Amino acid sequence: MYGKMPVSRIKFFVIVIALTLTHTLTFGQKAYIDSLETLLKQNLDEQTRLDYYFKLAKSYRNVNAYKGLDYIDSALSLASKAGNRRLKAEITNEAGVL
(Lines give C-alpha, C1' and ligand atoms only; values in the text may rest on other atoms or scores of the structure.)
Protein backbone atom coordinates (compact mmCIF):
# COMPACT_ATOMS: atom_id res chain seq x y z
CA MET A 1 0.00 0.00 0.00
CA TYR A 2 2.73 2.46 0.94
CA GLY A 3 5.70 2.54 -1.37
CA LYS A 4 9.17 3.76 -0.61
CA MET A 5 9.79 7.46 -0.95
CA PRO A 6 12.12 8.27 -3.86
CA VAL A 7 15.66 9.24 -2.90
CA SER A 8 15.34 12.59 -4.68
CA ARG A 9 12.35 13.52 -2.54
CA ILE A 10 14.20 12.57 0.65
CA LYS A 11 17.16 14.70 -0.42
CA PHE A 12 14.81 17.60 -1.10
CA PHE A 13 13.29 17.38 2.40
CA VAL A 14 16.71 17.14 4.04
CA ILE A 15 17.92 20.22 2.16
CA VAL A 16 14.80 22.21 3.04
CA ILE A 17 15.11 21.30 6.73
CA ALA A 18 18.83 22.15 6.75
CA LEU A 19 18.25 25.54 5.14
CA THR A 20 15.44 26.33 7.54
CA LEU A 21 17.56 25.48 10.58
CA THR A 22 20.53 27.42 9.23
CA HIS A 23 18.39 30.50 8.67
CA THR A 24 16.88 30.24 12.14
CA LEU A 25 20.24 29.81 13.86
CA THR A 26 21.84 32.64 11.89
CA PHE A 27 18.99 35.01 12.68
CA GLY A 28 19.19 34.16 16.37
CA GLN A 29 22.95 34.61 16.39
CA LYS A 30 22.65 38.00 14.70
CA ALA A 31 20.18 39.21 17.34
CA TYR A 32 22.56 38.09 20.11
CA ILE A 33 25.48 39.87 18.45
CA ASP A 34 23.43 43.04 18.01
CA SER A 35 22.43 43.06 21.65
CA LEU A 36 26.04 42.61 22.81
CA GLU A 37 27.23 45.40 20.51
CA THR A 38 24.50 47.66 21.91
CA LEU A 39 25.61 46.86 25.46
CA LEU A 40 29.20 47.77 24.57
CA LYS A 41 28.08 51.34 23.81
CA GLN A 42 27.20 51.82 27.47
CA ASN A 43 29.57 53.02 30.16
CA LEU A 44 30.95 49.70 31.44
CA ASP A 45 33.67 48.65 33.83
CA GLU A 46 36.67 46.99 32.20
CA GLN A 47 35.82 43.45 33.33
CA THR A 48 32.31 43.63 31.85
CA ARG A 49 33.64 45.18 28.62
CA LEU A 50 36.24 42.42 28.42
CA ASP A 51 33.54 39.79 28.89
CA TYR A 52 31.43 41.31 26.10
CA TYR A 53 34.42 41.52 23.73
CA PHE A 54 35.16 37.85 24.35
CA LYS A 55 31.53 36.80 23.87
CA LEU A 56 31.36 38.79 20.63
CA ALA A 57 34.57 37.22 19.35
CA LYS A 58 33.13 33.75 19.96
CA SER A 59 29.81 34.73 18.42
CA TYR A 60 31.45 35.97 15.25
CA ARG A 61 33.29 32.65 14.82
CA ASN A 62 30.95 31.37 12.09
CA VAL A 63 29.62 34.72 10.94
CA ASN A 64 32.61 36.97 10.26
CA ALA A 65 36.01 35.78 11.47
CA TYR A 66 37.73 39.11 10.70
CA LYS A 67 35.33 41.02 12.90
CA GLY A 68 35.78 38.34 15.56
CA LEU A 69 39.52 38.93 15.45
CA ASP A 70 38.94 42.65 16.01
CA TYR A 71 37.09 41.79 19.22
CA ILE A 72 39.88 39.33 20.13
CA ASP A 73 42.39 42.18 19.87
CA SER A 74 40.26 44.40 22.11
CA ALA A 75 39.78 41.60 24.64
CA LEU A 76 43.51 40.78 24.66
CA SER A 77 44.36 44.41 25.27
CA LEU A 78 42.04 44.60 28.29
CA ALA A 79 43.18 41.22 29.63
CA SER A 80 46.82 42.31 29.39
CA LYS A 81 46.00 45.57 31.13
CA ALA A 82 44.26 43.63 33.92
CA GLY A 83 47.14 41.13 34.16
CA ASN A 84 44.76 38.17 33.82
CA ARG A 85 47.01 35.47 32.32
CA ARG A 86 44.35 32.74 32.37
CA LEU A 87 41.92 34.87 30.42
CA LYS A 88 44.66 35.93 28.00
CA ALA A 89 45.29 32.24 27.32
CA GLU A 90 41.57 31.60 26.69
CA ILE A 91 41.34 34.59 24.35
CA THR A 92 44.46 33.54 22.46
CA ASN A 93 43.00 30.06 22.10
CA GLU A 94 39.81 31.54 20.67
CA ALA A 95 41.91 33.52 18.18
CA GLY A 96 43.33 30.20 16.98
CA VAL A 97 39.85 28.80 16.52
CA LEU A 98 38.69 31.81 14.52
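**Exercise 1. Find which residues have the most contacts inside the largest nonpolar core, and which helices feed it.**

Solution. Start with the core itself: the largest nonpolar core has 18 residues, and Leu40, Leu50, Tyr53, Leu56, Tyr71 and Ile91 have the most contacts inside it. A nonpolar core here is a set of buried Ala, Val, Leu, Ile, Met, Phe, Trp, Tyr and Cys residues joined through side-chain atoms within 4.5 Å, and buried means under 20% relative accessible area (1.4 Å probe, protein chains only).

Next, the suppliers: at least two residues of this core come from each of α1 (7-40), α2, α3 and α4 (85-97). Helices are DSSP runs (H or I, at least four residues), numbered from the N terminus. The largest share, six residues, is from α2.

A quick word on the source: this is a predicted model, where local features need pLDDT of at least 70 and side-chain atom pairs count only at pLDDT 80 or more, while totals for chains, interfaces and linings use all residues. Residues are numbered from 1 along each chain as its sequence is written, and side-chain values use heavy atoms, leaving out hydrogens and water.

**Exercise 2. List what Leu40 touches.**

Solution. Skip residues up to four places away in sequence; Leu40 then touches Arg49, Tyr52, Tyr53, Leu56 and Tyr71. Contact means heavy atoms within 4.5 Å.

**Exercise 3. Work out how α2 and α3 are arranged.**

Solution. First get the geometry: the axes of α2 (residues 46-59) and α3 (residues 65-82) come within 8 Å and cross at roughly 150°. Axes are lines fitted to C-alpha atoms over the stretch in contact, with angles from 0 to 180 degrees between N-to-C directions. Then name it: α2 and α3 are therefore roughly antiparallel (angles over 145 degrees).

Now look at who meets whom. On the α2 side, the residues include Leu50, Tyr53 and Phe54, and on the α3 side they include Tyr71, Ile72 and Leu78. Sorted by class, this contact has ten nonpolar, two polar and three charged residues.

**Exercise 4. Do the same for α2 and α4.**

Solution. The axes of α2 and α4 come within 10 Å and cross at roughly 20°. That makes α2 and α4 roughly parallel (angles under 35 degrees). Gln47, Leu50, Phe54, Ala57 and Lys58 of α2 make the contact with Leu87, Glu90, Ile91 and Glu94 of α4.

**Exercise 5. Sum up the whole protein.**

Solution. Count elements: the protein has four helices and zero strands. Then check burial: 23% of the 98 residues are buried.

Terms used
Parallel < 35°, antiparallel > 145°, perpendicular 65-115°, else oblique. Nonpolar A, V, L, I, M, F, W, Y, C, P; charged D, E, K, R; others polar. Buried < 20%, exposed > 50% of the residue type's maximum accessible area, 1.4 Å probe, protein only.
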